[in-house]
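Q: I have a model open and want to learn to read it feature by feature. Can we go through it together?

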Amino acid sequence: MFDPRNILVIDFGQLGDVVLSLPALRAIRKRFPAARITVAVGKPGAEIVDLSGYANETLVVDRVGLRDGFKPISIVRVFGIVKEVRRRNFDFVIDLHSLSETNLLGFLSGAPKRLYARRPGRSLDYLANFRPPPPVETDHRQRHLIDRYLDVLIPLDLKTAERFPKLKTRPGDDAAIEKILKRAKADTGVPLIGLFPGAGHSSRRWPLEQFAALADYLIRNDQVRVLVFVGPEEQPFIKDMRKQFPSSTVLLDQLTLPQLAAAATRLAAFVSNDTGPMHIASAVGTPVVLLLDKRAPTSYLPQG
């Protein structure tokens, strides 16, 4: 019986991708309950993995530098973390995202067993050695990313894993949000609506003035309080937000991702562009309204 004790999971997607990988991480934890599981992940994703409780530890890596950087430099960066990875003596590596650089990292880890997603044109399948191998990824715009991650685990007999991402908040984060809402007098029992006007790219942003108009409409017609969530990339727009949004709007611009999750649990709805916080809100069970200017690939939409 295959029973690894020290597992490295490489999970190098963007923030939303990491949320969508939670069912796979949960399945790995369920399959190997006694193993020590370390997840190599980008910094924002590490906060989500820590919150999920599925891993014993996270190994924070510059995911963007490895994925998008000049290839020789990316390879040098891989070698920069190889020493640390080898020191941990992993006996099994699972690469969910499977890029050439991450496949190389898994190979150089020294782990005797390696299970990689098989992505034509992206992965180096010959560096994996787990048998049988997982199916080759096909129709990535049609098959949901949750299922593509779970497909990697088919050789581990995890074919019926639960497929909805779920996150639970922590008491400390809940208390921090309660304090913020109380200070803003937004803890009176009035329904709360969350707006997230940011996005990873300007082409995916609904205009800020439209978000402000929506906030005004909801406040006047539905007697709600509006919370506007501002991430690091939206900091330059705070001045405009204060000018455009109604004065009763609560701007939340200093939250950690676990605190954002805690705040989302208090919302009647979360209105967002196509971005990672939308997936976090969905994972804590909050109804999500997703704004798009063109049809989105069904493979990335929030589930449940």
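**Reading the strands, charges and rings**

A: Start with one pair of residues across two strands. Val-93 stands opposite Arg-114 in E5. Keep in mind that this is a predicted model.

Q: Over how many bridges do E4 and E5 pair, and in which sense?

A: Strand E4 covers residues 92–95. The pairing with E5 runs over four bridges, in the parallel sense.

Q: What is the strand order in the sheet that holds E4 and E5?

A: Read across the sheet, not along the chain. The order is E3-E2-E1-E4-E5. This is an open sheet of five strands, and the pairing is parallel.

Q: Which strands stand at the edges, and why is one side of each left without a neighbour?

A: Look for strands with a single partner. Here these are E3 (57–60) and E5 (113–116), so one side of each has no neighbour in the sheet. From one strand to the next, the twist averages 20 degrees.

Q: Which strands does helix H2 lie across?

A: Helix H2, residues 22–31, lies across E1 (6–10), E2 (36–41) and E4. The angle between H2 and E2 is about 160 degrees. Helix H3 (residues 43–52) also packs on the sheet and touches E2 and E3. The directions of H3 and E3 make about 180 degrees.

Q: What is the order of the strands in the sheet with E6 to E10?

A: Apply the reading again. The order is E8-E7-E6-E9-E10, an open sheet of five strands with parallel pairing. The edges are E8 (250–252) and E10 (288–290), each pairing on one side only. The twist averages 20 degrees between one strand and the next.

Q: Which residue stands opposite Phe-270?

A: Val-288 in E10 stands opposite Phe-270. Strand E9 (residues 269–272) pairs with E10 over three bridges, in the parallel sense. Helix H9, residues 208–222, packs on this sheet and touches E6 (192–196), E7 (225–229) and E9. The direction of H9 makes about 175 degrees with that of E6.

Q: Now the charged side chains. How many salt bridges does a search of the whole structure find?

A: The general idea comes first. Side chains of opposite charge can pair when their charged atoms come close. In this structure the search finds 15 salt bridges.

Q: Where do the two partners of the Glu-178 and Arg-266 salt bridge lie?

A: The closest N and O atoms of Glu-178 and Arg-266 are 3.0 Å apart. Glu-178 lies in helix H8 (residues 171–183), and Arg-266 in the loop between helix H11 (257–264) and E9, so the pair ties together parts 88 residues apart in sequence. Glu-178 is partly exposed at 40% relative accessibility. Arg-266 is partly exposed too, at 22%.

Q: How many residues apart in helix H9 are Asp-216 and Arg-220?

A: They are four residues apart, which is about one helical turn. Their salt bridge has its closest N and O atoms 2.8 Å apart. Asp-216 is partly exposed at 31%. Arg-220 is exposed, with a relative accessible area of 52%.

Q: Is Arg-88 buried or exposed?

A: Arg-88 counts as buried because its relative accessibility is 18%, and the cut-off is under 20%. Its salt bridge partner Glu-84 sits 2.8 Å away, N to O. Glu-84 is partly exposed at 26%. Both belong to a network of salt bridges that also includes Arg-36, Glu-57 and Arg-87.

Q: Which backbone oxygen does the side chain of Asn-6 reach?

A: The side chain of Asn-6 reaches the backbone oxygen of Arg-88, at 2.6 Å. Asn-6 lies in strand E1 and is buried, at 15% relative accessible area. Beyond its neighbours within four places in sequence, Asn-6 contacts residues including Arg-36, Asn-89 and Phe-92.

Q: Last, the rings. How many aromatic pairs does the structure hold?

A: A pair of aromatic rings is described by the distance of the centres and the angle of the planes. The structure holds eight such pairs. Trp-206 and Phe-211 form an edge-to-face pair, 5.1 Å centre to centre with 80 degrees between the planes. Trp-206 is partly exposed at 28%, whereas Phe-211 is buried at 0%.

Q: How far apart are the ring centres of Phe-229 and Phe-270?

A: The centres are 5.6 Å apart and the planes are at 55 degrees, so the pair is tilted. Phe-229 is in E7 and Phe-270 in E9, 41 residues apart. Both Phe-229 and Phe-270 are buried.

Q: Which residues do ring pairs link into a cluster?

A: The cluster consists of Phe-2, Phe-32, Phe-92 and Phe-130.

Technical notes: Residues are numbered from 1 along each chain as its sequence is written. This is a predicted model: local features need pLDDT of at least 70, side-chain atom pairs count only at pLDDT 80 or more; totals for chains, interfaces and linings use all residues. Side-chain values use heavy atoms; hydrogens and water are left out. Two strands pair if DSSP finds at least two bridges between them. Helices (H or I, at least four residues) and strands (E, at least two) are DSSP runs, numbered from the N terminus. Axes are lines fitted to C-alpha atoms, for helices over the stretch in contact, and angles run from 0 to 180 degrees between N-to-C directions. Contact means heavy atoms within 4.5 Å. A salt bridge is a side-chain nitrogen of Lys or Arg within 4 Å of a carboxyl oxygen of Asp or Glu. Buried means under 20% relative accessible area, exposed over 50%, partly exposed in between (1.4 Å probe, protein chains only). A polar contact is a pair of N or O atoms within 3.5 Å; within protein, one must be able to donate a hydrogen and the other to accept it, and residues adjacent in sequence count only if both atoms are side-chain atoms. Rings of Phe, Tyr and Trp (its six-membered ring) pair if their centres lie within 6.5 Å; planes under 30 degrees apart count as stacked, over 60 as edge-to-face and the rest as tilted.
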